[in-house]
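Student: Could you go through this model with me, a topic at a time? I would like to ask as we go.

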Amino acid sequence: MPPFSKTTMLTPTPKPSPRPIPSGKKTFSVSSGKKTGPQFQGGAIDPYDPTMKGTQTISVTIVSTKPVTTATLTMQTDTKTKKVPMEIVSGTSTNGVWEGTWTVDDSYLYTYVATITVTDGTESNKIDLTLR
């Protein structure tokens with residue numbers, strides 16, 4: 001007869017419930033301590049709560065003494081990170097609204113962060129928007 005062995009049962013640690021988030025289009029304002037280079041002046045997230053396979057557009061007003069050369073939106077969700085180029089949709093390269101649209105292909109129950117990085121060819125600036 002084989003000897004008895006003690007079996008240990010492992011219980012997974014449950015994750016806390018995700019925090020609720022708003023729905024629809026939401027605007028935001030930005031305050032930056034950086035005084036040189038491109039500056040953010042606020043924007044919008046539309047919709048704040050996109051559905052799986054749906055799209056979300058994030059726009060931001062950027063003001064710079066030199067023309068903005070690139071703006072990039074990086075979306076971080078529960079298991080993925082996606083970079084999206086932003087394009088100017090109104091105004092000029094020194095005072096304009098830049099927009100990036102991405103398709104949701106991952107959950108965002110615990111990690112939901114939008115990072116916008118902008119450069120004017122010489123200096124750059126970045127904001128992190130923690131959405132959840």
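Tutor: What follows is a talk about the sheet, a turn, the charged pairs, the aromatic rings and two single residues.

Student: Before that, what kind of model is it, and what do the values rest on?

Tutor: This is a predicted model, in which local features need pLDDT of at least 70 and side-chain atom pairs count only at pLDDT 80 or more, while totals for chains, interfaces and linings use all residues. Residues are numbered from 1 along each chain as its sequence is written, and side-chain values use heavy atoms, with hydrogens and water left out.

Student: OK, the sheet: in what order do the four strands come?

Tutor: The order is S5-S4-S8-S9, in an open sheet with antiparallel pairing; strands here are DSSP runs of E with at least two residues, numbered from the N terminus, and two strands pair if DSSP finds at least two bridges between them. S5 and S9 stand at the edges with a single partner strand each, so one side of each has no neighbour in the sheet. On average, neighbouring strands of this sheet are turned by 15 degrees against each other, direction ignored, where the axes are lines fitted to C-alpha atoms and angles run from 0 to 180 degrees between N-to-C directions.

Student: And over how many bridges do S4 and S8 pair?

Tutor: S4 and S8 pair over seven bridges, in the antiparallel sense, and Thr74 has Thr115 in S8 as its bridge partner. S8 and S9 are also antiparallel, over seven bridges, with Thr119 opposite Ser124 in S9.

Student: What about the turn between S8 and S9, which residue has a positive phi there?

Tutor: That is Gly121, whose phi is near 95 degrees, in a hairpin that has four residues between the strands.

Student: Which side chains of S9 point to the buried face?

Tutor: Asn125, Ile127 and Leu129 point to one face of S9 (residues 124-130) and are buried, whereas Ser124, Lys126, Asp128 and Thr130 point to the other and are not. Buried means under 20% relative accessible area, exposed over 50%, and partly exposed in between, with a 1.4 Å probe and protein chains only.

Student: Switching to charges, how many salt bridges are there?

Tutor: The count comes to two, a salt bridge being a side-chain nitrogen of Lys or Arg within 4 Å of a carboxyl oxygen of Asp or Glu. Asp105 meets Lys80 at 3.5 Å, N to O. Asp105 lies in the loop between strand S7 (95-103) and strand S8 (113-119) and Lys80 in the loop between strand S4 (70-76) and strand S5 (81-85), so this pair ties together parts that are 25 residues apart in sequence.

Student: And the other one, with Lys82: what distance does it have?

Tutor: The side chains of Lys82 and Asp105 meet at 3.4 Å, N to O. Lys82 lies in strand S5 and Asp105 in the loop between S7 and S8, so the parts tied together are 23 residues apart in sequence. Lys80, Lys82 and Asp105 are thus named as a network of salt bridges.

Student: Are those three buried or exposed?

Tutor: Asp105 is partly exposed at 27% relative accessible area, Lys80 is partly exposed at 38%, and Lys82 is partly exposed at 26%.

Student: Now the rings: how many aromatic pairs turn up?

Tutor: A search of the whole structure finds two; rings of Phe, Tyr and Trp (its six-membered ring) pair if their centres lie within 6.5 Å, and planes under 30 degrees apart count as stacked, over 60 as edge-to-face and the rest as tilted. Tyr48 and Tyr112 form an edge-to-face pair, 6.2 Å centre to centre with 90 degrees between the planes. Tyr48 lies in the loop between S2 and strand S3 (55-63) and Tyr112 in the loop between S7 and S8, so the pair ties together parts 64 residues apart in sequence. Tyr48 is buried at 11% relative accessible area and Tyr112 is buried at 0%, and ring pairs link Tyr48, Tyr108 and Tyr112 into a cluster.

Student: Last, what does Gly37 contact?

Tutor: Leaving aside neighbours within four places in sequence, Gly37 is in contact with Val63, Ser64, Asp120 and Glu123, contact meaning heavy atoms within 4.5 Å. Gly37 is in the loop between strand S1 (26-28) and strand S2 (39-46) and is buried at 17% relative accessible area.

Student: And Thr70, which residues does that touch?

Tutor: Thr70, which lies in strand S4, touches Thr117, Val118 and Thr119, not counting residues up to four places away in sequence. Thr70 is partly exposed, at 41% relative accessible area.
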